[in-house]
Every structure is written in C-alpha cells, then in structure tokens.
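The exercises below practise reading a protein structure step by step. Attempt each task before consulting its solution.

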Amino acid sequence: MRSFHLLSLSALSFLLLAGCEKGGPSSDSKPAAPASGATAPAVKGTPVVTFEGGAITLEQLQGYLAQMNPAARARVEPLDQRREYAEGLARFELFVLEARRRGLENDPEVQEAMKRALVQQLLFKEFDEKAPPITPEEVAAYYESHKSEFIQPARARYSHLMVPAPKGSPERAAKKRVAQAVLEKARKLQPLDFDGFDVLFTEASGNPAAKPADADTGFATLEVLKAILGEEVAVAAGKLKQPGDLSAVIESTQGFHLLKLTDVQPEKNQSLEAVSSTLRTRMARERRDARVGKFTKELQQRARFQTDEAALQKLKVDVEAPQASSPGPRPGFLPAPPPTQ
C-alpha cells in the first residue's frame, strides 16, 4: 500500500498531538476549497492563521488546548511553540484543500480509509458510548459463576510410566526387573529431558503401539491422581517437588510405576476485590461482543444478506500461485457474529 510522507517530523508530531486528542481538528469540520472565482467561506471566530479557503481560529485553538493533557499543554506553552502548533494545523488544512482540489477524495485508498473510519465511528457510537454501566453486584455474580478460575488447589503435571503386572501374576518379579531397568535408563537422562523420559513409555508398557505422549497425566491434584493411578502413586507424587524430580519404582496392585514431575501450578486464591477490575473489563468486552453480534445479525436481516453457495464454490483458491501486486487498498472485513448463547 502506498504511504505519504508530506510533513517534517517536527510538524507531524504536533499534528499527531492534536489528532490523538478526542475532538481535535478534523478536515471534515473545515470549509472546502472555494471554486474558481468563488468567495471564500466566512470564518467564524477570531482568525489566528488565515489562508485562502479557511482559517485556524483562536476559539478552535483554545478548545484543542483544553483537550490536551497538562504535559502536552506545557510543550506548546512557549509563544514559538504556540505559533508552530497553530501554523501546523493550518498547513494540514492546506494539504486537505489541495487534495480536494485534485479530486483525491475519490482515490480508492481515501475511499477505503473513509469506509473504515465510518465503521469504527459506528461501532464507537453504538457500542462504546451507549454501553450500560456494570454494577458491583453484577461483577460479584460473575465472579461467583467463574470462581473455579480464581480459586484452585495446587496441581502438578507428571510423566507416568507403568510396567503392567497385576498382583499375583507369575511374571510380576520379571516385570519388576523391567521397571528397574527402565528406571536406570531414566536416571541417565538430564533432569529436564521430558521427551527422552516419555520415549521410555513404549518400553515400559510392552506395547509397540504405545505413544510417548500418552505418558502425560495433565495437571492434576494428588486426590485426582489417587483416583486414577492409586494411592501408592499419589503418595510418591507428593514427594516430588521440582520439575525434573524422578521417583523410584512404585509398586501397586496393577504393576510398577515411574513418575517424573514436569510442571507445577501453585494454589490460586484470588479474591473478588483482587480481580474486580479485570472482571469488569472482561464483562464489558463480552457484553460489547454480544451486542455487536446481535446488531450485525439485525443489519444482515434488514439488508436481506445472503450468500450464493453455488457461486461461492466456483471461487478458485490456488495456494501455489505467486502473490499478485495489489492495485489498491485491501477491502475491509468483519467476522461473522458469534452464535447466540
């Protein structure tokens, strides 16, 4: 996409300073360039910087300064900086007038930028300015319904190897030797070589089709581990403190186990007061997204929005084709509204 470098860095900094402040100068609020032979539009207010086709007035400048933060105001307090600021705004308007004189309002990039600005302003006016306040009671109710995110017991993640050998099996003694041999191999690995440990899963299980990824227990409390793998394994797991810690051979009624601690999640106990600000922001975003989704669906219904699937299937996507040069700006895009909850 084309880019334009029209102003010096100093002038541009002042323009950005003004443009970033809400309610700052906008080309839409200034008079258009007069047609040839026409009289320039009357200036409302006290002109500070004048030019053919318009002016920057004292009243405008006073309003812009009022909208600046104190630090920005301090930068333009010296007379020479006030002059530079006022003249910089006027220079920008000159460029606007010249662009209009050349018919650049119809330039595809300008039109696309205008469409994007229109959509952004619509979203702001409809969903930000009109956003209803979120009450403390609503935040508290949201916290209660999502409490498991903020209050959690300590959990840990392990790689678990097992040599199957049910109690009473005639092969149990031999299987224990297998487990001991696997342990010796595991001890030769670097403590944090979790992938190397998981590779031993196939050997331990005796199943050629076993996958190393199956060794991962996922995050679990000791109570969950006890329910899944048995009390003996849970007790041994509780003795592992740092990622990379390795257990001895653990004997259970099902066989012989090895554990390596891979990760830990400490206990989480976040109060409502600690997360209320975060929850308020999250709730506002979720509510805004829901309102935007509902509004989008209503717009589509009013506009009889529909897609011709047969025509869509004729659209060819050649992933091997080289990228073509763009004749203009990329079109705007909005995702589909989320499903109604």
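**Exercise 1. Determine how helices α2 and α4 are oriented relative to each other, and which residues join them.**

Solution. The model is a predicted one.

Step 1. Two packed helices are described by the angle between their axes and the distance between the axes.

Step 2. The axes of α2 (residues 58-66) and α4 (residues 79-101) come within 12 Å and cross at roughly 110°.

Step 3. Angles of 65 to 115 degrees count as roughly perpendicular. Helices α2 and α4 are therefore roughly perpendicular to each other.

Step 4. On the α2 side, the contact is made by Leu61, Tyr64 and Leu65, and on the α4 side by Tyr85, Ala86 and Leu89. Sorted by character, the residues of this contact are six nonpolar, no polar and no charged.

**Exercise 2. Describe the protein as a whole: its secondary structure, its buried share and its exposed area.**

Solution.

Step 1. The secondary structure consists of twelve helices and eight strands.

Step 2. The protein has 341 residues, and 26% of them are buried.

Step 3. The area that the protein exposes is about 23300 Å², of which carbon and sulfur atoms supply 57%.

Step 4. Consider contacts between residues at least 6 apart in sequence: 69% of these join residues at least 24 apart.

**Exercise 3. Identify the buried residues of helix α10 and establish how they are arranged around its axis.**

Solution.

Step 1. Helix α10 covers residues 231-238, and its buried residues are Val233, Ala234, Ala236 and Ala237.

Step 2. An α-helix has 3.6 residues a turn, so residues three or four places apart point the same way.

Step 3. Viewed down the axis of α10, the buried residues fall within an arc of 165°, so they line one face of the helix.

Step 4. These buried residues pack against β4 (155-164), α9 (222-229), β6 (250-252) and β7 (255-265).

**Exercise 4. Classify Ala179, Thr217 and Ser252 as buried, partly exposed or exposed, and list their contacts beyond four places in sequence.**

Solution.

Step 1. The cut-offs are as follows: buried means under 20% relative accessible area, exposed means over 50%, and partly exposed lies in between.

Step 2. Ala179 belongs to helix α7 (residues 172-187). Its relative accessibility is 1%, so Ala179 counts as buried. Ala179 touches Val163, Val249, Phe256 and Leu258. Its C-alpha atom is separated by 9.5 Å from that of Pro164, 15 residues apart along the chain.

Step 3. Thr217 belongs to strand β5 (residues 216-220). With 27% relative accessibility, Thr217 counts as partly exposed. Its contacts are Arg157, Tyr158, His160 and Leu225. Thr217 and Ile228 are eleven residues apart in sequence, and their C-alpha atoms are 9.7 Å apart.

Step 4. Ser252 belongs to strand β6. With 5% relative accessibility, Ser252 counts as buried. Ser252 touches Arg172, Glu232 and His257. Although Ser252 and Pro164 are 88 residues apart in sequence, they are 9.7 Å apart in space, C-alpha to C-alpha.

**Exercise 5. State what is notable about the phi angle of Arg304, and decide whether this residue is buried or exposed.**

Solution.

Step 1. Arg304 is located in the loop between α11 (272-302) and α12 (309-313).

Step 2. Its phi is positive, about 50°, although Arg304 is not a glycine.

Step 3. The relative accessible area of Arg304 is 72%, so this residue is exposed.

Key
Residues are numbered from 1 along each chain as its sequence is written. This is a predicted model: local features need pLDDT of at least 70, side-chain atom pairs count only at pLDDT 80 or more; totals for chains, interfaces and linings use all residues. Side-chain values use heavy atoms; hydrogens and water are left out. Axes are lines fitted to C-alpha atoms, for helices over the stretch in contact, and angles run from 0 to 180 degrees between N-to-C directions. Helices (H or I, at least four residues) and strands (E, at least two) are DSSP runs, numbered from the N terminus. Angles under 35 degrees count as roughly parallel, over 145 as roughly antiparallel, 65 to 115 as roughly perpendicular and the rest as oblique. Contact means heavy atoms within 4.5 Å. Ala, Val, Leu, Ile, Met, Phe, Trp, Tyr, Cys and Pro count as nonpolar, Asp, Glu, Lys and Arg as charged, and the others, Gly among them, as polar. Buried means under 20% relative accessible area, exposed over 50%, partly exposed in between (1.4 Å probe, protein chains only). Accessible areas come from the Shrake-Rupley method with a 1.4 Å probe; for residues, only the protein chains shown count as cover. The arc is that of the directions from the helix axis to the C-beta atoms.
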